[in-house]
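Here are my notes for you, since you are new to this one. Have the sequence and the 3D view open, and go through the points in order.

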Amino acid sequence: MAAAQTQREHLLTLKVMRLTKPCLLTNQPVLNEPWDMPGSTLEKSLEGDIRSPFGVERAGLGESLALPQNFGNIFLGETFSSYISVHNDSEQSVDEVIFKAELQTSTQRLPISGGHGGMVSMLTSGDSMDDVINHEVKELGTHILVCTVSYSSNGDKLHFRKFFKFQVMKPLDVKTKFYTTEEDEIFLEAQVQNIMNQPLFMESVNLEPSNQFSVASLNSTAFSTAPAYSADKVSCMSSNDTRQYLYKLTPKQRQPTTSQRTINAIGKLDIVWRTNFGERGRLQTSQLQHMSSAVAELRLQVLQLPDAIPMEKPFTLRLQVTNTSDHSMSLRLVLSKSKTGGLLWTGVSGKHHGEVVPGGFLQFTLVLMPVQAGLQGIGGVRLTDISCGKTHEFENFAQVFVYSGDERPQMQSI
């Protein structure tokens, strides 16, 4: 009671109102068949409802706007805007009126300033000091808006404080997956789900790469027989909807080849969306990190391979083997029949190719004979380190299409 009495004795009052966009005022039409008991009563009721647009009363749509009736929800990445009014309710003037606003989170306390500086030299009876504060919300959890008003009256320094508590919720659920190729390229798949209780319009989803990579967006495709498609154009997402985005990251400089696993900084996802009346939200993920795959002591790369070949016609295959270990290897190449059995090696097997130092490589050309039609996997390559007797086997490391007849099939690239 004493605290309440002290609050009423102040000459100034403080009002805080959150600024939000209105919403569409709609109705829920109740319909019936003409032969039912209500007859045309419900139809006439809809026609007389101000919430029903003329001509489409049964659609449940609306053309009127309704002001927000409560504080509403605040989501991470949105801008919190509030209208502040300090009013002199007394019959006397007060001097040196100062208003301060701070936003307190679980980790920090941030001062928020409006456009008018929050200070006036005198506030006469019936006058008010108004201001609008804005802050982009960057943390989840409980937030407390702390408003402090200080002033002078008849030489006395007075002040009071008010607290406004609200929760900041998570608007989107972002999941990522990484895929690594033999050429050290990284494919990032991002799944973005709308977990708000309202639809949103996705404005942009971009990947800001780190200094180590260059990025290419793979979210649009164009086929010769179909219209172009772009994931960026599918912007409307209802509640619980999910969109998938794909990016290819290429290293700007090839990293030293090693068999040790390393952690690479990939970049950040920058997501911008808007809600029903254009309220903008922006969310940026933390630095995405990817654990590189464990590299074998020998890495096999295909340098040259045709995409399609006729059956029973030999073709050449050019390979490169890189020593990714920390010791030299004396390699012997042995060729055996692949597990699929559609391709047969021709030439010398068991040939010694000499010593390969750490980081060094060997290139050699091999010949295969296709004996079965269809998509055939290439395998059966064994490299043995003579110095220690360790054998490295490579199966199904490439594919080639084998066709029968003399006419080459048309290969369409995507």
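1. Start with Asn323, where a polar atom of the side chain sits 3.1 Å from the backbone oxygen of Val356. Keep in mind while you look that this is a predicted model. You'll find Asn323 in strand S25, which covers residues 315-323.

2. Is Asn323 buried or exposed? Asn323 counts as buried, because its relative accessibility is 1% and the cut-off for buried is under 20%. Leaving aside residues up to four places away in sequence, Asn323 touches Glu297, Leu298, Ser328 and Met329, and also the run Val356, Val357, Pro358, Gly359 and Gly360. So Val356 turns up twice here: as one of the residues touched by Asn323, and as the owner of that backbone oxygen 3.1 Å from the Asn323 side chain.

3. Now for the charged pairs. How many salt bridges does a search of the whole structure find? The search comes back with 5, and I'll take you through some of them. As background, side chains of opposite charge can pair when their charged atoms come close.

4. One of them brings together the side chains of Glu96 and Lys157, at 2.5 Å from N to O. This pair links distant parts of the chain: Glu96 belongs to strand S6 (residues 94-104) and Lys157 to strand S11 (residues 156-169), with the two positions 61 residues apart in sequence. Glu96 is partly exposed at 39% relative accessible area, whereas Lys157 is exposed at 62%.

5. Next, look at Arg282 and Asp270, whose side chains form a salt bridge of 2.8 Å, N to O. Arg282 is in strand S21 (residues 280-284) and Asp270 in strand S20 (residues 263-274), so parts 12 residues apart in sequence are tied together. Arg282 is partly exposed, with 30% relative accessibility, but Asp270 is buried, at 7%.

6. Lys170 and Asp173 make another salt bridge, and here the closest N and O atoms are 3.6 Å apart. Lys170 is partly exposed at 40% relative accessibility. Asp173 counts as buried because its 18% falls under the 20% cut-off.

7. On to the aromatics. The structure holds 1 aromatic pair. The partners are Phe80 and Phe166, and the pair is stacked because the ring planes are at 20 degrees, with the centres 4.9 Å apart. Phe80 lies in strand S5 (residues 79-88) and Phe166 in strand S11, so the pair ties together parts 86 residues apart in sequence. Both Phe80 and Phe166 are buried. Strand S11 should ring a bell, as Lys157 from the Glu96 pair is in S11 too.

8. Which strands does S19 pair with? Strand S13 (residues 186-194) runs antiparallel to strand S19 (residues 242-251), and 8 bridges join them. In that pairing, Phe187 stands opposite Lys248. Strand S15 (residues 213-217) is also antiparallel to S19, joined to S19 by 5 bridges. There, Ser214 stands opposite Thr250.

9. Last, take a look at Met291, which is in strand S22 (residues 288-291). Met291 is partly exposed, at 37% relative accessibility. Along the chain, Met291 and Phe178 are 113 residues apart, yet their C-alpha atoms are separated by 9.2 Å.

How values were computed: Residues are numbered from 1 along each chain as its sequence is written. This is a predicted model: local features need pLDDT of at least 70, side-chain atom pairs count only at pLDDT 80 or more; totals for chains, interfaces and linings use all residues. Side-chain values use heavy atoms; hydrogens and water are left out. A salt bridge is a side-chain nitrogen of Lys or Arg within 4 Å of a carboxyl oxygen of Asp or Glu. Helices (H or I, at least four residues) and strands (E, at least two) are DSSP runs, numbered from the N terminus. Buried means under 20% relative accessible area, exposed over 50%, partly exposed in between (1.4 Å probe, protein chains only). Two strands pair if DSSP finds at least two bridges between them. Rings of Phe, Tyr and Trp (its six-membered ring) pair if their centres lie within 6.5 Å; planes under 30 degrees apart count as stacked, over 60 as edge-to-face and the rest as tilted. A polar contact is a pair of N or O atoms within 3.5 Å; within protein, one must be able to donate a hydrogen and the other to accept it, and residues adjacent in sequence count only if both atoms are side-chain atoms. Contact means heavy atoms within 4.5 Å.
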